[in-house]
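Here's a relaxed walk through a structure you may be meeting for the first time. Keep the 3D view open as you read.

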Amino acid sequence: MARPNDEVGALLQEYSDLISITGGDEFKARAYEKAARAVAGYHEDVSRLDVRKLREIPNVGKSIADKVVEYLRTGQVRVVEELRAKIPAGVREMIAIPTLGPKKAMLLYRDLGISSVDELVHAIHSERLRELKGFGPRTEENILHGIQVLQQAGGRVHLNVATEVADEIVAELSAVTGCSRCCYAGSLRRFRETVGDVDVLAAAKDPGKLMRAFSQMSTVDEVIAHGEKKTSVRTTKGLQVDLRVVPPEAWGAALQYFTGSKQHNIRTREMAVHARLKLSEYGLFDVETGDLVVSETEDEVYQRLGLPWIPPPLREDRGEIEAAQRGELPDLVSLDDIRGDLHTHTNLTDGLSTLEEMVREAARRGYSYYAVTDHAPNLYMQRMSDDKMLAQREEARRLDGKHRRMRLLHGTELNIDPDGEVDWPHDFLAGFDLCVASVHSHFTQPAREMTRRIVRACENPYVNIIGHPTARLIGRRPGVDADLDEVFRACARTGTALEINAYPDRLDLNDENILRAKHFGVKFAINSDSHSVVHLGFLRYGVGTAQRGWLTAEDVINTWPLRRLRTFLRKGR
DNA sequence: GCCGTTTTCGGCCCGACTGTTTTCAGTCG
């Protein structure tokens with residue numbers, strides 16, 4: 001099962017959406033939305049809490065606690081079911097379209113009977129929306145564009161969603177007797193930013209038992225196909241998972257084959273052909289005799305092709321074969337190299353956990369240093385003030401070194417305004433151990449202005465890291481239009497690091513931009529941007545993304561010892 | 001519906017942008 005907190009959070013969010021769509025009290029909808037976030041981000045498993053303990057979760061009161069209990073006990077909530085009966089699921093799906101919110105969705109449903117994205121496209125093309133008040137040609141355009149953006153994600157899910165499903169399935173299958181090996185492959189193993197379906201590979205002499213166990217798992221909603229070698233299912237969350245079972249002696253070749261990418265595999269098969277061999281998921285064979293050469297481990301397969309083992313995140317045919325031939329594969333940064341997280345929030349702004357909770361959890365993860373970087377005043381909605389920030393600094397100094405001797409850095413996430421200015425003057429900024437600066441608004445500036453804006457932020461002697469540099473949201477918002485090469489040059493020149501934001505709907509910078517930035521001599525910081533203790537683990541997705549960008553520990557400032565990091569943060573001041 | 005209290009009601013993130021209006025509603029961050 002997915003984490004019960006996520007499941008309950010999703011239910012509360014759905015109820016909030018349904019309240020908004022049906023024109024219910026907006027404050028009530030907001031209350032459910034806040035509760036949904038709080039539950040999803042809560043550190044304890046909600047399925048083990050009683051009503052009293054549930055009410056200790058921020059923004060969860062009696063009414064919501066009762067509904068959570070009702071859900072955990074019966075699998076549904078009466079009032080939610082009632083609203084579901086009134087509003088087709090497709091109407092709720094429509095509000096996922098950027099620029100289309102609950103009000104317009106309801107209008108479309110009530111007046112035109114539109115209850116799915118497909119019907120909506122149809123209605124626009126037959127110009128039926130023009131009958132409605134408040135809908136003009138630009139609205140039609142925006143909706144169509146929004147649908148396009150949505151569908152480019154193409155039913156792909158974020159990395160964390162797929163990883164959680166995959167980890168759980170692998171753990172369960174590994175425990176089945178007769179299963180000698182099991183892991184996930186495909187784009188997930190390569191840390192692609194979104195995943196279309198999950199490929200799980202297992203090795204066993206008798207596949208039957210594994211196939212049965214797989215189709216009977218509680219996460220499985222529907223079995224799409226099942227056979228001797230392959231079974232495909234759809235999980236309750238709508239994600240397709242394929243299980244392939246191979247004989248133990250073919251494990252390596254199969255894992256190599258199913259990990260991909262397609263382009264990488266074409267290259268490795270070509271290399272096999274040149275060596276008078278044939279590579280398939282069943283092994284590496286001698287073409288003339290048809291004899292099996294090797295297939296038991298990936299390492300052997302690559303070795304027999306004259307290559308060292310290539311880490312999956314590099315397998316995109318982006319030069320890794322050539323680098324491997326020359327013996328110049330990078331020694332990729334790994335999660336173990338990370339000494340601290342440099343961009344995190346607390347409940348002082350829009351986070352959910354207290355500073356102490358965040359610090360304790362960070363220390364438990366074994367970090368040697370950790371930065372808290374709450375939002376600055378210019379992001380008005382967070383209501384930050386000088387006094388609040390200074391009070392937090394005192395608390396941070398008090399907690400410094402108190403948990404497993406972890407050093408605590410007091411920082412902030414500044415807002416880069418349209419001119420490239422940030423929230424505070426230099427003398428106030430000088431009081432921080434480090435400053436992240438990010439774009440949070442005015443995303444549509446022309447490229448020249450946007451470039452100048454970010455470059456100016458880099459030139460600020462107190463800005464150390466540009467947070468989520470393109471501000472894209474995967475599947476929802478494209479990155480800003482800027483001359484990134486110019487930004488990379490400015491970062492290298494001024495000693496400003498670029499963030500690899502590990503939050504699964506950002507993953508910003510992405511792999512391709514990382515590769516390019518590295519050539520300019522830029523340094524990077526891999527940060528979780530956590531808003532709750534449960535987000536700290538997202539860092540692994542940032543590390544995977546950095547690996548796809550060929551980064552070594554040397555390229556990443558938060559793998560460095562604190563002394564060296566502090567020198568970098570001084571920016572030559 | 002939650003929360004905090006100058007507690008049991010009254011406020012709830014607040015400003016910008018967009019497209020449609022003709023003074024504003026809806027959406028977004």
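What follows goes from the overall layout down to single strands and residue pairs.

## The overall layout

First things first: this is a predicted model. Chain A is assigned four domains. Going along the chain, domain 1 covers 4-153, domain 2 covers 157-246, domain 3 covers 263-323 and domain 4 covers 335-569. Taken over C-alpha atoms, the centres of domain 1 and domain 3 are 48 Å apart.

## Some annotated stretches

UniProt, in an unreviewed entry, lists residues 52-71, 92-111 and 127-146 under "domain: Helix-hairpin-helix DNA-binding motif class". What does the model show there? Residues 52-71 come out as 65% helix and 0% strand, with 16 Å between the end C-alpha atoms. For residues 92-111 the figures are 65% helix, 0% strand and, again end to end, 16 Å.

## Helix H10

Next up is helix H10, at residues 159-174. With 16 residues and 1.5 Å a residue, H10 should span 22 Å, and its end C-alpha atoms are indeed 22 Å apart, so the two agree.

Which residues of H10 are buried? Among them are Leu159, Ala162, Val165, Ala166, Ile169, Val170 and Leu173. It helps to know that an α-helix has 3.6 residues a turn, so residues three or four places apart point the same way.

## The seven-stranded sheet

Now for the open sheet, which has seven strands in the order S11-S12-S13-S14-S15-S16-S17, paired in parallel. Why do S11 and S17 each have one side without a neighbour in the sheet? Strand S11 (340-341) and strand S17 (524-527) stand at the edges and have a single partner strand each, so one side of each is left open in that way.

Helix H23 (residues 539-548) lies across S11, strand S16 (497-501) and S17. Relative to S17, H23 runs at about 145 degrees.

## Strand S13 and its partners

Strand S13 takes up residues 407-415. Is S13 largely enclosed or left open? Eight of its nine residues are buried, so S13 is largely enclosed by the rest of the structure.

S13 has parallel pairings with two strands named here: strand S12 (residues 369-375), over seven bridges, and strand S14 (residues 434-438), over five bridges. On the S12 pairing, tyrosine 370 stands opposite leucine 408 in S13. Looking towards S14, threonine 412 stands opposite cysteine 435, while glutamate 413 stands opposite valine 436. In general, strands of a sheet pair through backbone hydrogen bonds, either parallel or antiparallel.

Notes: Residues are numbered from 1 along each chain as its sequence is written. Chains are lettered from A and ligands numbered from 1 in the order in which they are written. This is a predicted model: local features need pLDDT of at least 70, side-chain atom pairs count only at pLDDT 80 or more; totals for chains, interfaces and linings use all residues. Side-chain values use heavy atoms; hydrogens and water are left out. Domain bounds come from an automatic or database domain assignment. UniProt positions are given in the numbering used here, feature names are shortened, and annotations may be inferred rather than shown by experiment. Helices (H or I, at least four residues) and strands (E, at least two) are DSSP runs, numbered from the N terminus. The expected span of a helix is 1.5 Å times one less than its number of residues. Buried means under 20% relative accessible area, exposed over 50%, partly exposed in between (1.4 Å probe, protein chains only). Two strands pair if DSSP finds at least two bridges between them. Contact means heavy atoms within 4.5 Å. Axes are lines fitted to C-alpha atoms, for helices over the stretch in contact, and angles run from 0 to 180 degrees between N-to-C directions.
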